[in-house]
Amino acid sequence: MKLLQLPPAELRRQLAGAGIWMRTGPFSLKVQSRIPSVVTGLTELYGQFEVRSMKESFADFHVSVNPPANLRRWLRPQATFSFDGLQPFKPLPLDQAFPILEWGLNWCVSTQAHQYLIIHAAVVEKNGLAAILPAPPGSGKSTLAAGLVLSGWRLLSDELTLIDRKTGLIHPLPRPVSLKNRSIDVIRQFAPDVYINPASHDTIKGTVAHMRPPRDSVRRQHETARPGWVIFPKWEAGAPATLTPRSQAQTFMFLAQNAFNYSHLGADGFRVGTALIDQTDCYDFRYSALDEAVATFDRLAERRTS
Amino acid sequence: MNVLSGHLLSRTLRSPDIVTRFAISEWDILVRQARAAGLLARLAHRFSQHGLTAAIPAVARWHFDAADTLASKQQTAVRWELQQLRAALANLDSPLIVLKGAAYVAASLPAAAGRLFNDIDILLPRERLKQAESSLMLAGWHASGLSEYDKRYYRRWMHEIPPMQHAQRATVIDVHHAILPDTARYHPDSAKLRSRAVEVADLPGVYVLAAEDRILHSATHLFHDGELPHGLRDLTDLDLLLRDAAVDRDFWPRLTARADELQLGRSLFYALRYLRFFLDTPVPDSAMTSLAKRAPNRATLALMDRIFTRVLAPDHASCADSFTAAARLAAFVRAHWLRMPAHLLIPHLFHKAFISPYQRTPKPA
């Protein structure tokens, strides 16, 4: 059944108790939390995801977000992420409980799932081909990815590009899209109907909110995609949407440096990375207006399929 | 002391075949215990040795594959680092002796299989430390991430200099001049250890301790270290080292004699006792008999059993009972007690409890 089919009181009860079993892309989770904002966040953003009863006995990641057991909870309430008893981060203010869950899940995948080459990049798909959008924070990669998936592209991931080491195909992990600072309003204006949850302020990444992933992307979360492009977006005030081809070799070096686990895979990382580059067109992309950017991407997709 | 040896991970390590009868919920627990204990990759290797890889259910398989990927990469990296270390310390008028995990890899021992690493430990004569430290700094390693208190503590009291991290590769080297701190209750003679070191065949210039000494060092480390997040992993190291070395007919008498010579009989006694308990390691009764004189009195032993059957189990909620936290604290205090006399220990623990938490100290001593 889908998470939204669980009555809210029942969801709250289960989350506070043993937790709920949930599937996101190739991973199964058991999530446990007593914090109301985490329950709300899951309800609003993960409604389309498959949940099962806790009798489901195997989960890849057993995670929880709860107030830490220390005296500070009486002064300044906090939340802490735990991966099966291990706390990889320091507790943060309670207001950030839902982003902590999202960051924690990203941490689990990027530190454990070495069956993939994991690149720090957003990735979207159209007509079976994936566009990988790696870029440093602040370059507008999440904004562009959000704009694209609200315009007919499929969300594979806004943060973690999972490349199957055996097949070279990209596995979707279409969780909520993290939006930061100004891009929250940009996306609200671009698509007034889209659901974005209440923002958490003063996080290490500034103001953070999450956008609900499109229903179709979640429904197709087991459908892999072939790498088509590697495109480095850069938002620049007033710039017309411009694609400039870039060197494959340089692109490879950038991907290797920005992969979470390239060095862990040894020679196989090189093999998977070069095979990826061999089948993709690589571009730098400057843009200012989101609709213009989407039109440019649509033309790219048509050109490759026609 | 029977309940705690019953956790799934020890049972699986003792007799891997039982996994063919595991329900999926047991695989869930096994993966979690093995991850907490740092033993996923070793378990993957054990399954493959016993032809049990196909018994791993599809949903659980990637956990073992991913851990195995990481372990293989680390083995390659350790070999590479050893070559770098050998080059960096080439001018040192003393053999480069590698300890623990890196030694198992260097010597291609069964204990290398599925082993994960945090750092590389090397042993040098005390009078060579200064020179070695400068050479390592020239090659890119530097002391990092410690508070001034911790640095002073290392230099003044410890058997090693502060850990050095490589500026580019981020690998960490621990340079030791002994296997226990100067302040410790027992003083195994480092010169005796070094004198029997053996050169590694395919890494000329790199040495490892003799078989008995490797085992004694591993045992000593296990029973003198305050925090034991990977106690069971270290026990499996010992299990593999012992099974490998015991092929020699005179091995056991040699081991117990050497333990006496190095003042490490008590540590060996405990190690063998808990190896039998957790892993069914084939330790002959004659070895236990000859170590009986090193055993503590019955009351102490009963207490130690309560402590070590808990702290050597995987650090996972499914292996804990209501005494586990107390047992971990007791092991911590005991280890410090053995490592330092009271007039040093009390101020040190005071600093650790009330001053260090409020300073920026990425890696405490």
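Helices α4 (residues 141-149) and α5 (residues 182-190) of chain A have axes that come within 10 Å and cross at roughly 15°, so α4(A) and α5(A) are roughly parallel to each other. Here helices (H or I, at least four residues) and strands (E, at least two) are DSSP runs, numbered from the N terminus. Axes are lines fitted to C-alpha atoms, for helices over the stretch in contact, with angles running from 0 to 180 degrees between N-to-C directions. Angles under 35 degrees count as roughly parallel, over 145 as roughly antiparallel, 65 to 115 as roughly perpendicular and the rest as oblique. The model is a predicted one, in which local features need pLDDT of at least 70 and side-chain atom pairs count only at pLDDT 80 or more, while totals for chains, interfaces and linings use all residues. Residues are numbered from 1 along each chain as its sequence is written, and chains are lettered from A and ligands numbered from 1 in the order in which they are written.

The crossing of α4(A) and α5(A) is right-handed (the near helix is turned clockwise from the far one by less than a right angle; anticlockwise would be left-handed). On the α4(A) side, A:Ser142, A:Thr143, A:Ala146 and A:Gly147 take part, and they meet A:Ser183, A:Val186, A:Ile187 and A:Phe190 of α5(A). A contact here means that the C-beta atoms of two residues, placed from the backbone, lie within 7 Å. By class, the residues of this contact are four nonpolar, four polar and no charged; Ala, Val, Leu, Ile, Met, Phe, Trp, Tyr, Cys and Pro count as nonpolar, Asp, Glu, Lys and Arg as charged, and the others, Gly among them, as polar. An α-helix has 3.6 residues a turn, so residues three or four places apart point the same way.

Helix α4(A) is also largely enclosed by the rest of the structure, because nine of its nine residues are buried. A residue is buried if 20 or more other C-beta atoms lie within 10 Å of its own, exposed if 12 or fewer, and partly exposed in between, with C-beta atoms placed from the backbone. The buried set runs through A:Lys141, A:Ser142, A:Thr143, A:Leu144, A:Ala145, A:Ala146, A:Gly147, A:Leu148 and A:Val149.

A second helix pair in chain A is formed by α7 (residues 248-258) and α8 (residues 267-278), which pack at an angle of about 140° with their axes 10 Å apart. That angle makes α7(A) oblique to α8(A). The crossing of α7(A) with α8(A) is right-handed. From α7(A), the contact draws on A:Gln248, A:Thr251, A:Phe252, A:Leu255 and A:Ala256, and from α8(A) on A:Gly273, A:Thr274 and A:Ile277. Four nonpolar, four polar and no charged residues make up this contact.

Chain A as a whole has nine helices and 17 strands. Its radius of gyration is 19 Å, close to the 19 Å that the globule rule gives for 306 residues, so chain A is as compact as a globular protein of that length. The radius is taken over C-alpha atoms, and the rule is 2.2 Å times the number of residues to the power 0.38. The C-alpha trace of chain A spans about 55 × 45 × 35 Å along its principal axes, and buried residues make up 46% of its 306 residues.

Chain B comes to 16 helices and seven strands. With a radius of gyration of 20 Å, close to the 21 Å that the globule rule gives for 365 residues, chain B is as compact as a globular protein of that length. Buried residues account for 43% of the 365 residues in chain B.

Within chain B, helix α3 (residues 40-49) has B:Leu40, B:Ala41, B:Arg42, B:Leu43, B:Ala44 and B:His45 buried. Their cover includes α1 (8-14), α2, α4 and α10 (231-245) of chain B. Just after α3(B), B:Gly51 takes a positive phi of about 60°. Elsewhere, B:Ala102 is found in helix α5 (residues 100-106) of chain B and is buried, with 27 other C-beta atoms within 10 Å. Leaving aside neighbours within four places in sequence, B:Ala102 is in contact with B:Val78, B:Leu82, B:Ile120 and B:Asp121.

Finally, the two chains meet where 17 residues of chain B are in contact with 13 residues of chain A. On the chain B side, the elements giving two or more residues are α2 (24-37) and α4 (58-88), and α4(B) gives the most, with nine residues. This side of chain B divides into nine nonpolar, four polar and four charged residues.
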